[in-house]
Amino acid sequence: MTRIPLPASIDDAPAASQPLLEGVKKMLGSVPNLFRLTANSPAALEGYLGLNGALAKGALKPQTRERIALAVAQINGCDYCLSAHTYLGKNLAKLDDAEIAANRAGASNDPTADAAVRFAVKLVQQRGKVSESDVSAVRMAGYGDAEIVEIVAHVALNTLTNYVNEAFGTPIDFPAVRASAA
């Protein structure tokens, strides 16, 4: 049970959130619980969707974005996001089980992606206070300034959803994955 209301349908959400949820439904074919719960605040939903949409057009590959999401969710102990991003990682980004396990352990089996995931992990663990050598390591792996900034933005975006789901007990509506099982 959630700690705040989970609108049962798009029509049950605040009026200002309804067109945003319709857009989610059109894009995904359904409205996952994260979006319905966030719809309690039309401003928060609009902000989340705006940043998510902008980053989807960014320089980072979709597979790297999913790898970062998995690593961040594991560190933050968010079962909802681990479940969602394991599903998305397998079905959309085409990550295999070994890669997903590596991502959850804060690494990647792909040497270039490994640098991005490790940098994302350091960002979470150090609360953004990474060193010059941390930035240099991701740069030396081939990431440009835009991609490095996007890694930080993806960490922030995923931390937002981790915190929303953990704070309010969002029911998992994907095949369930538990943070303790990494």
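In the predicted model, Arg127 is located in the loop that connects helix 7 (111-125) with helix 8 (132-140). The phi angle of Arg127 is near 50°, a positive value in a residue other than glycine. Arg127 has a relative accessible area of 74% and is therefore classed as exposed. A second residue with this backbone feature is Lys94, whose phi is near 60°, again positive in a residue that is not glycine. Lys94 belongs to the loop between helix 5 (79-91) and helix 6 (97-104). Its relative accessibility of 63% places Lys94 among the exposed residues.

The loops that hold these two residues are part of a helical architecture. The protein chain contains 9 helices and 0 strands. Read from the N terminus, the order of elements is α-α-α-α-α-α-α-α-α. The C-alpha trace spans about 50 × 30 × 30 Å along its principal axes. For a chain of 182 residues, a compact globule would be expected to have a radius of gyration near 16 Å, and the value of 16 Å found for the protein chain agrees with this. Among the contacts with a sequence separation of 6 or more, 68% join residues that lie 24 or more positions apart.

Burial and surface composition were then examined for the chain as a whole. Of its 182 residues, 46% count as buried. The accessible surface comes to about 9200 Å², and carbon and sulfur atoms contribute 56% of that area. With regard to charge, the protein chain carries 17 positive and 18 negative charges, and the mean positions of the two sets are 2 Å apart.

Contacts between distant parts of the sequence are illustrated by Ser83, a residue of helix 5. Ser83 has a relative accessibility of 1% and so counts as buried. When residues up to four places away in sequence are set aside, Ser83 touches Ile172, Phe174, Pro175, Ala176 and Val177.

A buried position also occurs in a loop. Ala107 is situated between helix 6 and helix 7, in the loop that links them. The relative accessibility of Ala107 is 14%, and this residue counts as buried because the limit for that class is under 20%. Beyond its neighbours within four places in sequence, Ala107 is in contact with Ala102, Asp114, Val117 and Arg118. Ala107 is also 39 residues from Ile68 in sequence, while the C-alpha atoms of the two residues are 9.3 Å apart in space.

The cysteine residues were considered last. The count of disulfides in the model is 0. The sulfur of Cys78 has its closest cysteine sulfur in Cys81, at 3.5 Å; a disulfide requires the two sulfur atoms to be within 2.5 Å, so this separation is too far for a bond. Cys81 likewise takes part in no disulfide, the nearest cysteine sulfur being that of Cys78. Both positions are shielded by the criterion of accessible area: Cys78 is buried, with a relative accessible area of 0%, and Cys81 counts as buried at 2% relative accessibility.

Notes. Residues are numbered from 1 along each chain as its sequence is written. This is a predicted model: local features need pLDDT of at least 70, side-chain atom pairs count only at pLDDT 80 or more; totals for chains, interfaces and linings use all residues. Side-chain values use heavy atoms; hydrogens and water are left out. Buried means under 20% relative accessible area, exposed over 50%, partly exposed in between (1.4 Å probe, protein chains only). Helices (H or I, at least four residues) and strands (E, at least two) are DSSP runs, numbered from the N terminus. The radius of gyration is taken over C-alpha atoms; the globule rule is 2.2 Å times the number of residues to the power 0.38. Contact means heavy atoms within 4.5 Å. Accessible areas come from the Shrake-Rupley method with a 1.4 Å probe; for residues, only the protein chains shown count as cover. Lys and Arg count as positive and Asp and Glu as negative; His and the chain ends are not counted. The place of a charge is taken as NZ of Lys, CZ of Arg, CG of Asp or CD of Glu.
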